[in-house]
Amino acid sequence: MLEKQVNEMRENVDIGIESENRKEVVAILNTLLASEYVLYTKTRNYHWNVVGKDFKERHEFFQGQYEKLDAMIDEIAERTRQLGGLTVATLNEFLQIANLQENPGEYPSDLKMISNLLKDHESTIKYLRKSAKDCDEEYDDSGTNDFLIGLMEIHEKMAWMLRTHLD
């Protein structure tokens, strides 16, 4: 059922990308959307649950990160709709197709939180890099290629900022 909903496309979108290619790109975007939402939720969880001598700095740092993710999530959903696709939009759907995993019931130290987020950002960067290439070379969608490269650059900066806390 989820796959059918995600693959439903408006056929009257005439932007120079074949319908089948748009379906593939929408699937990429929905997986990304789900993964970003998991990362957003994890970052928000850490914002709420961080403790320790660096509480104030870490609390504010995590807030800045989840605010960036929130803006990216909206842009991904809108890009999906621009291509004529439907977006996944429930927590259940997100967990079914996301590339990232939650860690329920775990309340790690602040440095482990940062390490966990860094790992997720690096995983997302790899997904974005491959997906951008696929959009350009396989699906003839240079617009989404450019869009994904922009998101990748944001994640690279976020990962760098996380990494500096671990050095």
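Ten salt bridges are present in the structure, a salt bridge being a side-chain nitrogen of Lys or Arg within 4 Å of a carboxyl oxygen of Asp or Glu. The model is a predicted one, in which local features need pLDDT of at least 70 and side-chain atom pairs count only at pLDDT 80 or more, whereas totals for chains, interfaces and linings use all residues. Residues are numbered from 1 along each chain as its sequence is written, and side-chain values use heavy atoms, with hydrogens and water left out.

A network of salt bridges links K53, D54, R58 and D110. Within this network, the side chain of D54 meets that of R58 at 3.7 Å, N to O, while D110 forms a salt bridge with R58 in which the closest N and O atoms are 3.0 Å apart. The latter pair joins distant parts of the chain, with D110 in helix α5 and R58 in helix α3, 52 residues apart; helices are DSSP runs of H or I with at least four residues, numbered from the N terminus. R58 is buried, with a relative accessible area of 6%, and D110 also counts as buried at 15%, whereas D54 is partly exposed at 23%; buried means under 20% relative accessible area, exposed over 50%, and partly exposed in between, for a 1.4 Å probe and protein chains only.

A further salt bridge is formed between the side chains of R79 and D141 (3.3 Å, N to O). Because R79 lies in helix α3 and D141 in the loop between α5 and α6, this pair ties together parts that are 62 residues apart in sequence. Both R79 and D141 are buried.

Definitions and conventions:
Helices (H or I, at least four residues) and strands (E, at least two) are DSSP runs, numbered from the N terminus.
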